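Here are a few exercises on helix packing and on empty space inside a fold. Have a go at each task with the structure open, then read through the solution.

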Amino acid sequence: MYNKYINLYNKFILLTTNKDLYVLKRKKDNFSDRISIFLIHFALFLVIFKNEENKKKLQVIYDFLFKQIELSIREIGYGDQSINKKMKDYVNLFHNILSKLHFWNNSSYLTKKKLLSFFLSDFTNISYLVQYFDQYVLNLSKNSLKSYLKSVNKP
């Protein structure tokens, strides 16, 4: 299924596993925090590249990434019923994140800080995360979706 997007998925995993992000945690790193950070990266990606031209491709990417998340949950060892519930929770979380971050570029620093604090409550230095995600959005906006998908470099 659309394995041409596996590099994109791996880029999101690379971003999600950035150790600098987890040094700022109060508690030990866990899957829930990682999935939240993954979903924030993906939501901002969609916010930047969303337009009529990219609509179909972004839907395929969305489907592919959530299928990969489901496969990752299966690898952890959850049963079929648990997976369905977890996926429903993650899809709902993602849409909540997406709706809140939709106006990221037009939001004030304090608004961004509140939004990230809501989704990443165990993190101590939210200011760092705001700067990190601002830089991430800036890097995304410097490229087209097509060039971003072709690239194998760091996002």
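**Exercise 1.** Work out how α1 and α4 cross in this predicted model, and which residues make the contact.

*Solution.* Start with the axes: those of helix α1 (residues 6–16) and α4 come within 10 Å and cross at roughly 60 degrees. The window for roughly perpendicular is 65 to 115 degrees and roughly parallel needs an angle under 35, so α1 is oblique to α4. Next, the handedness: α1 passes α4 in a right-handed crossing. Now pick out the side that α1 brings, which is Ile 6, Leu 8, Tyr 9 and Phe 12. From α4 come Ile 61, Phe 64, Leu 65, Gln 68 and Ser 72. Sort these by class and you get seven nonpolar and two polar residues, with no charged ones.

**Exercise 2.** Do the same for α6 and α7, and classify their angle.

*Solution.* Helix α6 covers residues 109–119 and helix α7 covers residues 126–141. Their axes sit 9 Å apart, at an angle of about 105 degrees. That value falls in the 65 to 115 window, so α6 is roughly perpendicular to α7. On the α6 side, the contact uses Tyr 109, Lys 112, Lys 113, Leu 116 and Ser 117. These meet Ile 126, Ser 127, Leu 129, Val 130, Phe 133 and Asp 134 in α7. The class split here is six nonpolar, two polar and three charged.

**Exercise 3.** Describe the largest pocket: how much space lies in it, and which helix gives the most to its lining?

*Solution.* First the volume, which is about 310 Å³. Then the wall: 13 residues line the pocket, and Leu 46, Lys 50, Leu 58, Gln 59 and Leu 98 lie nearest its centre. Trace the lining back to helices, and α3 (31–49), α4 (55–76) and α5 (80–101) each supply at least two residues. The top contributor is α4, with four. By class, the lining has six nonpolar, four polar and three charged residues.

**Exercise 4.** Count the cavities of 30 Å³ or more, then say what lines the largest cavity.

*Solution.* The count comes to one, and about 30 Å³ of space lies in the largest cavity. Its lining consists of Lys 4, Tyr 5, Asn 7, Leu 8, Lys 11, Tyr 148 and Leu 149. Both α1 and α8 (145–150) supply at least two of these residues, and α1 gives the most, with three. Sorted by class, the lining has four nonpolar, one polar and two charged residues. Notice Leu 8 here: this residue also turned up in the contact of α1 with α4.

Key. Residues are numbered from 1 along each chain as its sequence is written. This is a predicted model: local features need pLDDT of at least 70, side-chain atom pairs count only at pLDDT 80 or more; totals for chains, interfaces and linings use all residues. Side-chain values use heavy atoms; hydrogens and water are left out. Axes are lines fitted to C-alpha atoms, for helices over the stretch in contact, and angles run from 0 to 180 degrees between N-to-C directions. Angles under 35 degrees count as roughly parallel, over 145 as roughly antiparallel, 65 to 115 as roughly perpendicular and the rest as oblique. Contact means heavy atoms within 4.5 Å. Ala, Val, Leu, Ile, Met, Phe, Trp, Tyr, Cys and Pro count as nonpolar, Asp, Glu, Lys and Arg as charged, and the others, Gly among them, as polar. On a 1 Å grid over the protein atoms alone, a cavity is a set of points where a 1.4 Å probe fits but cannot get out, and a pocket is an open set with protein on both sides within 12 Å along at least five of seven lines; lining residues have an atom within 4 Å of a point. Grid points are joined across faces, edges and corners, and a volume is the space filled by probe spheres set on the points. A crossing is left-handed if the near helix is turned anticlockwise from the far one by less than a right angle, and right-handed if clockwise.
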